[in-house]
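The following exercises ask the reader to work through a set of structural features, each with a solution given step by step. Please inspect the sequence and the model before reading the solutions.

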Amino acid sequence: MSHPLGLAPTKIVAVHLNHRSRAAERGRVPDAPSYFLKPPSSLSATGVDLVRPVGTELSAFEGEIAVVIGERASKVSREAAWDHIAWLAAANDFGVHDLRAADRGSNLRSKGADGYTPVGPVLIDPRTVDPRDLRLRTWVNGVLVQDASTADLLFDFAHLVSDLSATITLEPGDIILTGTPSGATVVNPGDVVEVAIGDTEPLRNTVVEAGAAPVRPRVTALDRDLAYGRPVPSIKPETEAALRQVATATLSSQLRKLGLDHTFLTGLRPSRPDLRMVGTAHTLRFLPLREDLFAERGGGMNAQKRAVESIGPGQVLVIDAREDRGAGTLGDILAMRALRLGAAGVVTDGCLRDSPAFADLDLPAYSGGAHASVLGRRHVPWEVGVDVACAGVLVRPGDVLVGDAEGVLLIPAALADTVAADALAQEAEERYILARVAAGESIDGLYPLGPTARAEYEAAQAGAKP
């Protein structure tokens, strides 16, 4: 069946991870784009049903912008790549995660079935819009669930065309699906999914259930997390347990041994000193107030609200407010929503609004103070899932954050296991030293452990083991 817009690609190339907000959900930020292929036969149009096989449950939408190639592209530069783009269009990279196991990473069955790539209903000339700041929205049953801009992309359209054409010749009509932002999740039979770019007419498709699955469906906990857009756990249980026991002061000592001296977020205090915090960073960046831009970006599902709605279990919302404490950066309602979504905590180098309520909220929260004013007095909510500066520390999505009554400390994710284990060992030594000092002994040769004291400590440890 021919496409109503005349689209006839020789290939459809999809980007795995390209929006910063989606990367934040996944807990990793790629250094380069990676891709998978969808068959041209998966192309469909607005109004065509999205068929979920009987016996499957994890059918998921992904609102995206499709780039349509107009001129053959082979080994083109990034600067020249714009000339090879003919059209932009709304797209839905639909898939059924129950079938992922059979694909072994190819996404052929899970995302390549007939009709799983609706595109349209209009084509946009990229020269009539700003493709570097183009709005993408998705609705499910009339409810807005994705609201992002191409300014959120890790790799812009020209980068993708140039990168792909370095090894693959792109022919006229070929389609690149440029990635989905946070908010993509499971939809069920009867649900209506709409995707729009800019102010154009939305692409509209209905999910239906029909036919048998091509392979036996299989659902793992990871499949379910990926389908629902939940963060993939990145801290081992034994590491998390250790980090909940040791002090941030101990962790700071261990990081300093590894050459990391700037990991303690200075000047932040907890609303609940009795709560411990361990989680991975989910970042939000505010920029200084500019009234015209606040009017444009501050309303509706702005970056602040998207950051809250996209947070998942075990994540800490880290807000970069430039250490400006002239307004609130988060209030009790959004904090409660984050808590209900499983957030591990909130960290801001600005102020909390409705701060007395945080004393009764079972959510660790660290801030630079309290302020009754709304964020629009000082800040414009700008972007989610980017590297930020918070209280003097560079924080990347996926970094591990630990908080206690003293404050908050960052551990690079790759070092978390080692730092946690070594911190446990350090605190065991320090408990031994403290007991001997409490008994009246001198610290000379004891703190730190000298050769004699260390031999005594190790003998004591060996004797304590069953």
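**Exercise 1.** Establish the strand order of the open sheet that contains β1, and state which strands stand at its edges.

*Solution.* Step 1: this open sheet has 5 strands in the order β2-β1-β12-β6-β7, with mixed pairing. Strands are DSSP runs of E with at least two residues, helices are runs of H or I with at least four residues, and both are numbered from the N terminus. Two strands count as paired if DSSP finds at least two bridges between them. Step 2: β2 (35–38) and β7 (85–92) are the edge strands; each has a single partner strand, so one side of each lacks a neighbour in the sheet. Step 3: on average, neighbouring strands are turned by 25° against each other, direction ignored. The axes behind this angle are lines fitted to C-alpha atoms.

The model is predicted: local features need pLDDT of at least 70 and side-chain atom pairs count only at pLDDT 80 or more, while totals for chains, interfaces and linings use all residues. Residues are numbered from 1 along each chain as its sequence is written, and side-chain values use heavy atoms, with hydrogens and water left out.

**Exercise 2.** Describe how the edge strands β2 and β7 are joined to their partners, and which face of β2 is covered.

*Solution.* Step 1: β1 (residues 12–15) and β2 run antiparallel and are joined by 4 bridges; V15 stands opposite Y35. Step 2: β6 (residues 63–69) and β7 are also antiparallel, with 7 bridges between them, and A66 is placed opposite A89 of β7. Step 3: in a regular strand, side chains alternate between the two faces of the sheet. In β2, F36 and K38 form the covered face, whereas Y35 and L37 form the uncovered one.

**Exercise 3.** Determine the order and edges of the sheet that contains β13.

*Solution.* Step 1: the order is β4-β14-β13-β10-β11, an open sheet of 5 strands with mixed pairing. Step 2: β4 (50–54) and β11 (143–149) stand at the edges with a single partner strand each, so one side of each is left without a neighbour. Step 3: the twist averages 20° from one strand to the next. Step 4: β10 (residues 135–140) pairs with β13 (residues 192–197) in the antiparallel sense over 5 bridges, and R137 has A196 as its bridge partner in β13.

**Exercise 4.** Which residues of helix α8 are buried, and how are they placed around the axis?

*Solution.* Step 1: in α8 (residues 248–257), the buried residues (under 20% relative accessible area, 1.4 Å probe, protein chains only) are T248, T250, L251, Q254 and L255. Step 2: these residues cover an arc of only 155° around the axis, which puts them on the same side of α8. The arc is that of the directions from the helix axis to the C-beta atoms. Step 3: R256 and K257, on the other side of α8, are exposed, a term that requires over 50%.

**Exercise 5.** Locate the cis peptide bonds and the positive phi angles outside glycine.

*Solution.* Step 1: most residues other than glycine have a negative phi, and most peptide bonds are trans. Step 2: the bond joining G120 and P121 is cis, with omega about 0°; P121 lies in the loop between β9 (117–118) and β10. Step 3: the bond from Y447 to P448 is cis, with omega near 5°, and P448 is in the loop between α13 and α14 (451–464). Step 4: N107 has a positive phi of about 65° and, at 9% relative accessibility, counts as buried. Step 5: E323 has a positive phi of about 60° and, at 40%, counts as partly exposed, the class between the two cut-offs of 20% and 50%.

Technical notes: Axes are lines fitted to C-alpha atoms, for helices over the stretch in contact, and angles run from 0 to 180 degrees between N-to-C directions.
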